[in-house]
Amino acid sequence: MSEFMIRFFFCNILISMIIGLFLLAKHLLKKKLTSRMQYNLWFLLLGLLAVPFLPNQIKIRFPHIFTWFRGLKHTSPSPVGAVMKEAAAQSQSPTASWMNDFGISISQKTPSFIGSILYILWLIGIFMMLMLVTASIRRFRSMKRSALPLQNAAVQTLYHDCLRTMHIKKPIPVYSTAFLRSPVITGLFQPRIYLPIHLISDYSSKDIRYILMHELVHYQYKDAIANYFMNIIGVLYWFHPLVWYSLKEMKNDREVACDTSVLKLLDEDAYADYGNTLISFAQKVSLTPFPFSSEACGSMKQMQKRIKNIADYHPASFRKNLYSTIAYLVLALFLLGAAPLLSIQAADQDHYYFHEADRKLTYLDLSDVFAAYDGSFVLYDAKEDSWQIYNQDSAATRIAPASTFKIYSALFGLEAGSITPERSCISWNGQDYSYDSWNADQTLASAMQNSVTWYFQTLDQQTGWSLIQQYIQKIGYGNRRMEGDLSSYWMDSTLKISPIEQVELLTKLYNNELGFSEANLRTVKDAILLSSTDNGALSGKTGTIAINGENRCGWFIGYIEKNDRTYFFATSIQCEKLACGPSAAELTFSILSDLKLWDAVQEKGVKEKVDFWAHFTKGS
């Protein structure tokens, strides 16, 4: 939750800017908007304020519109990139087999306590707000228990006349109470009107009629629903002065809109009488209105605004209604356009939401196979369109892809023309690496076989930041976040992907549903081919995430082509010290063997390499 608070903090910076622009636009368009339109605009803002709290399944996706700009500052390697490249070089394997994988060590960031502190303060504020709301509700319930059904026959007759005039068929109970100074209407499903006893005792047919019409207009426009939303937003944003100011202005506009609706029902010579009724109640206003209710009166400042509106009131012309609608649509587009920005800021991008509905899905119990590891296994049978998953929560959790991303780095480079299927050689930069296989010119095949990190770093530099990010957005790779340095974005936890997404993306890659050249796709498939026999072919790539010198996470992703069927898989394992790509591969072979997808004969040749590399990484 501390991570949510950090995201929520940045959301509130955007919210402040949006509210500021909204208030400015609303002020400039004030004369173009009818009073009802001015009030309706606030509902758009309420919806916008709810965006950070929406479930991630319905978060609004929005492509990053500043991709081209961000690419300007990443067109050349930075000193940090050079350091990362050197660190990568110091942690590579000397073996020259397909199982070569490199636990590139990165520095783990010190956990931030700021998010936790903000979260605790936020919860304390919410708790205090809920206590205040609860106290108000308790006071209101006490008032309700003391209230009596309206007994005055003359007022009842006047009330039913108001119902007929306003074409309201549902009879709304009216009660009298000594604990109110201003009439209110409350109740979402069972609305009730409460009138102060002094209003009835000082009976004036005009005043009573206007007040009842005012409260019934609140009922007609379902303002009780708005009250609930406004109170919820007030609780969630208790700390935000601009939100509180907006809620206050929304209440003011609601009363003005309600007054205007009443005036539409009156003759012109009755406008002044209606205004005088409000003035007569101005000194009897309750300063602590109950939550979830709409009162006939408000603060003195609000009352002045309402009286001015009544004094200036003229029925809106067709032209003003047209201008009002256009202005409303313009502001609506502005607020709706801002919603995806808030959605992106608020989204939990470390989790992928896998829709299980209408899928053939089997949950596996592989706890004995994973033993000391945390992690997950995902298998997809393309022909049967069926899934088998172990530990779905982990399978939907995004982590850095490490060297598994080299599959797509190669594809992007081919598509951009940085290399071609016929000419994929990149000259060795002359730097003396610890591993002999690195100290030579590399083709895509040899670089993929030996997982030569400098080759793919160079390839990315040639392809360019902007184009790589466009490709990442195009194929929907994980969280699509590409930040930092070109030499490290796929290994330093900036770019993340879940095992389920790995399988979904491999399936699209295999079937060429990503819209890339068939020749380039074939070149990449050839580069990741690990084993091919009469019994089937195995393709894939390992990856290792090492933090502070310890192997913390291992990947093995790929697919098996066997008996005219294709099975796509992804395995991720995590532990404090001994999780690496080769270990993930060995664990995968065990699972595939149990599932009769990869037999012992096929497995024997690669297991020797796995055992050797696993032994090497323990000492690295």
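Q: How many disulfides does the structure hold?
A: Zero. Keep in mind that this is a predicted model.

Q: What about cysteine 575, where is the nearest cysteine sulfur?
A: That sulfur belongs to cysteine 580 and is 8.6 Å away. A disulfide needs the two sulfur atoms within 2.5 Å. Cysteine 575 is in no disulfide.

Q: And cysteine 11, buried or exposed?
A: Cysteine 11 is buried. Its relative accessible area is 0%.

Q: OK, zooming out. What is the secondary structure of the chain?
A: The chain has 23 helices and 14 strands.

Q: How many of the 620 residues count as buried?
A: The share is 52%.

Q: What part of the contacts comes from residues 24 or more positions apart?
A: They make up 73% of the chain's contacts with a separation of 6 or more.

Q: Got an example of residues far apart in sequence? Say, isoleucine 399 and isoleucine 545?
A: They are 146 residues apart in sequence. In space, they are 9.4 Å apart, C-alpha to C-alpha.

Q: Where is isoleucine 399 found?
A: It sits in the loop between α15 and α16.

Q: Is that residue buried or exposed?
A: Isoleucine 399 is buried, because its relative accessible area is 19% and the cut-off for buried is under 20%.

Q: What does isoleucine 399 touch, leaving out residues up to four places away in sequence?
A: It touches Leu495, Lys496, Ile497, Cys553, Trp555, Ser572 and Gln574.

Q: Let's move to α16. At what angle do α16 and α19 pack?
A: About 115°, with the axes 10 Å apart. α16 covers residues 406-416, and α19 covers residues 465-475.

Q: So how are α16 and α19 placed, relative to each other?
A: They are roughly perpendicular, because angles of 65 to 115 degrees count that way. The crossing is right-handed.

Q: Which residues meet there?
A: From α16, Tyr408, Phe412, Glu415 and Ala416. From α19, they meet Leu467, Ile468, Tyr471, Ile472 and Ile475.

Q: How do those residues divide into nonpolar, polar and charged?
A: Eight are nonpolar, none is polar and one is charged.

Q: New topic: α18. How many of its eleven residues are buried?
A: Eight of them, so helix α18 is largely enclosed by the rest of the structure.

Q: Which ones are buried?
A: Thr453, Trp454, Tyr455, Phe456, Gln457, Leu459, Asp460 and Thr463.

Q: What follows α18?
A: Glycine 464. Its phi is positive, near 100°.

Terms used:
Residues are numbered from 1 along each chain as its sequence is written. This is a predicted model: local features need pLDDT of at least 70, side-chain atom pairs count only at pLDDT 80 or more; totals for chains, interfaces and linings use all residues. Side-chain values use heavy atoms; hydrogens and water are left out. Axes are lines fitted to C-alpha atoms, for helices over the stretch in contact, and angles run from 0 to 180 degrees between N-to-C directions. Helices (H or I, at least four residues) and strands (E, at least two) are DSSP runs, numbered from the N terminus. Angles under 35 degrees count as roughly parallel, over 145 as roughly antiparallel, 65 to 115 as roughly perpendicular and the rest as oblique. A crossing is left-handed if the near helix is turned anticlockwise from the far one by less than a right angle, and right-handed if clockwise. Contact means heavy atoms within 4.5 Å. Ala, Val, Leu, Ile, Met, Phe, Trp, Tyr, Cys and Pro count as nonpolar, Asp, Glu, Lys and Arg as charged, and the others, Gly among them, as polar. Buried means under 20% relative accessible area, exposed over 50%, partly exposed in between (1.4 Å probe, protein chains only).
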